[in-house]
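This report covers selected backbone features, one chain contact and one helix. The sequence and the structure come first.

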Amino acid sequence: MRKVAIVGVGTIPWRSRYEDKTWLELGFQATKNALDDAHLAKDDIDMAIYSTFCELMLRQQIMCYIIHEYLGLQAKPSLRPNAAGAADIASLYTGFCEVASGMSDIVLVLALQKGSDLYCNETRSRGDGFLRGIAFALDTTWLQQVVPGPAALMTASMLIPHMEKYGSPTIEQLARVSVKNHRNALANPEAQLKIELNVEDVLNSRIIAWPTTKYQCCLYSDSAAALILASEEKAREMTDKPIWLSGIAECSYPTMRFEEKSLGRIDGLEASARKAYAMAGIKDPVNELDVAEVYDLISGVEILSYEELGFCERGKGGKLVDEGLVEMSGKLPVNPTGGRVAAGHVGGVSAAYSAATVVRQLREEAGPMQVPIRSGKGLVDCMDGYGSICGVAILER
Amino acid sequence: MRKVAIVGVGTIPWRSRYEDYTWRALGLQVTKKALEDARLTVKDIDSVVYSIYCDLMMRQQSPTPLIQDYLGMEGKPCVRLMAGATGEMYALYAAFSQVASGMADIVLLPAIQKGQDWYSFETRSRGDGLLKGFSISTNTTWMQPVLPGVPVYLTATFVVPHIEKYGTPTPEQLGKASAKNHRNALVNPEAQLKVDVSAKDVMNSRIIAWPTTMYQCCLYSDCAAALILASEEKAREITDTPIWISGIAVSSFYTARFEAAALGRLIAVEEAGRRAYKMAGVKDPLHELDVMEVHDLVTGCEILMYEELGLCEPGQGGRLVDDGIVEKEGILPVNPSGGRVAAGHVGGVSGLYSAACVVRQLREQAGGMQVPIRSGRGLVQANDGLSGLVGISILERR
């Protein structure tokens, strides 16, 4: 298996709506930024992989050949992996295989999604249109009719059973994680939401599904992010700071997550982490990783993820928050960008964005968001809003 | 790059509608068959790559995690490749990469699509519902409002300009090629349409868009198919007749194809063909291949494809029909399964079905459809309705 590096990253600011740009333009901009970063031209790209969670929202089925042509890549191979909200990690996985196998030397992984061109006529809200759109990803036979929304589903099936079993996270811990991420976002020029919050503000914000409050829920955005992957040989020609994809794994797990063994768990995340760590040779993540971008679709999920990712024992995730281990000043900063609650979020893009920011962290080009780089390793995770597909990637300098 | 083989195939009959099975049930059936064919169990599969063309038609967005669960594959990596109606070839390409890279040793590749659970209220027709569903795969900004339908588009953009330039394919040649496929389907137990039509019957059938007549258009079906891919090491443990994927390429080319240079040309087919041949070391396809399964979405495109795939000079495709070269008894049989006009067709599935047919041909397990296997190589080609997305694979028995 050949080694695979990320040699270029391109991101754009997160916005709740890019009303003046089509999805094609967002993809184009991110791609240009990535090519500029890698000092490459579009003709250097051997093949492209497109990550879009929901093309329905773009009102264009089979979006891949249209963006492919828009970028001027026609006649070259392209793939578009679809894995619900984890399309981004699935695309990174697919891109990895493409380069590792030798099928291509330089691969563009472009993630893009617009969700806000939808509209709910009854409530006259774009946000509701968006939420309805993503609900179609639920099992339309069994679940869609009864699930009130991803925040409620995750709170009920993951957060609350965990709290019942371990007495943690406490509501203060949940609020602290949200405060951490909102504060981190203040230093992120691309973050969608820049407000200074304290624990009171978070706890007093509108209840979505107890104990999850509004400021503990991820944002909904339009955005795009691009990564350029290269084989070892090409990477060494192109840059002094290739960032290696030393571990990557993706896995699915049951969608009807109401069995005893799955309540309070994000099983797929643990399984993916185990495989990715094995591939990257990581045995002690807290001490071996310098930075992690972890999906906080709700703040509770971030805390549970610490446990699933092996940062601590089960039930002890809340303690990491109390001890400040995951703060910017702590041993393993989590979500220096502001995470999903403050930087921005849309399925199919966020993990690609996270990967881009971890690349910058490891290159020590993260500006005011920079954390200390000691071991030169970072982690990106990803999960679908209904939790059925998860993935983890380890990046290494 | 590790070598990759197909070690198991699973197919079910093509039907215009499987009214009594859900899409999940169809996926389960072909997965079970492929596992039986390979003598493997669910536990042996490392990763699953899905081809599902249109989730809308199945009223289920992001169907992947649900079917993954249903097939008992939870916990394993899963990815679904989408590339219009040729997603299956892109899925094959991705599955190939997963094994070739070493990330997986055994990959299951199910393709599933139901299109006929739809309904057009205006015309009270399921078929029209399906065609409407397809139309959103076209460029919804520029094309969808004006596109009259896939057969018309293909005829106007490819067949007619080619006829204007070369004088072929003639209506008789089109009739013969379509009749060939319908005749071939008579011995395909899984074919949807078994009618013995003559070239004259074809020419006299309802005009869809001159010169394309009804019998020259592909069918529309519900179906599923599954393949199991394995690394060389595993393949040799699993079977005595691994069928190697010695060449594979995908290409994506132009959605608004009205430039003069592109009219009458299936450029993406030539492009992907060239790359696949190079990878497989094929220099003279006409003499080095034993069998081909290609997408005859309209019969005219099959004939153009002979040229794009290098079986003959440009403009000479019709001659291959007249000389009987592509008949079952000819040097290079094309579509012994009956092809898309007679076996069946639905985007996302047909290419994998074609691959399964070629695997069986090379294993000499094709029953009544069997053609002589001399060099042990076959070609599979699939494209989407606009012929902008193409996948080609060379399969080989050694």
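A residue is called buried if 20 or more other C-beta atoms lie within 10 Å of its own, exposed if 12 or fewer do, and partly exposed in between, with C-beta atoms placed from the backbone. The model is predicted: local features need pLDDT of at least 70, side-chain atom pairs count only at pLDDT 80 or more, and totals for chains, interfaces and linings use all residues. Residues are numbered from 1 along each chain as its sequence is written, while chains are lettered from A and ligands numbered from 1 in the order in which they are written. Helices (H or I, at least four residues) and strands (E, at least two) are DSSP runs, numbered from the N terminus.

**Backbone features**

Most residues other than glycine have a negative phi, and most peptide bonds are trans. The table lists exceptions in this model.

| Site | Feature | Value |
|---|---|---|
| B:Thr168 and B:Pro169 | cis peptide bond | omega about 5° |
| B:Trp210 and B:Pro211 | cis peptide bond | omega about 0° |
| A:Ala84 | positive phi, not a glycine | phi about 50° |
| B:Ser62 | positive phi, not a glycine | phi near 45° |

Each of these sites can be placed in a loop. In chain B, B:Pro169 sits between helix H5 (150-166) and helix H6 (171-185), and B:Pro211 sits between strand E5 (207-209) and strand E6 (212-213). The loop that holds B:Ser62 runs between strand E2 (47-51) and helix H2 (64-70) of chain B. B:Ser62 counts as buried because 27 other C-beta atoms lie within 10 Å. In chain A, A:Ala84 is in the loop between strand E4 (81-82) and helix H3 (87-100). A:Ala84 is buried too, with 30 other C-beta atoms within 10 Å.

**Contact between the chains**

Two residues are in contact if their C-beta atoms, placed from the backbone, lie within 7 Å. How many residues does each chain bring to the contact? Chain A brings 44 residues and chain B brings 47 residues. On the side of chain A that touches chain B, helix H2 (64-70), strand E3 (78-79), E4, H3 and strand E9 (243-252) each supply at least two residues. H3(A) gives the most, with six residues. By type, this side of chain A divides into 25 nonpolar, 13 polar and six charged residues; here Ala, Val, Leu, Ile, Met, Phe, Trp, Tyr, Cys and Pro count as nonpolar, Asp, Glu, Lys and Arg as charged, and the others, Gly among them, as polar.

Two strands pair if DSSP finds at least two bridges between them. E4(A) and strand E3 (residues 78-81) of chain B run antiparallel and are joined by two bridges. A:Pro81 has B:Leu81 as its bridge partner in E3(B).

**A buried strand residue in chain A**

A:Ala393 belongs to strand E12 (residues 389-396) of chain A. This alanine is buried, since 30 other C-beta atoms lie within 10 Å of A:Ala393. Leaving out residues up to four places away in sequence, A:Ala393 touches residues including A:Ile89, A:Leu92, A:Leu245 and A:Val380.

**Helix H9 of chain B**

Helix H9 (residues 267-280) of chain B has 14 residues and reaches 20 Å from its first C-alpha to its last, close to the 20 Å expected. The expected span is 1.5 Å times one less than the number of residues. Among the buried residues of H9(B) are B:Val269, B:Glu270, B:Glu271 and B:Tyr277. The elements against which the buried residues of H9(B) pack include strand E8 (243-252) and helix H11 (299-308) of chain B. Just after H9(B), B:Gly281 has a positive phi of about 75°.
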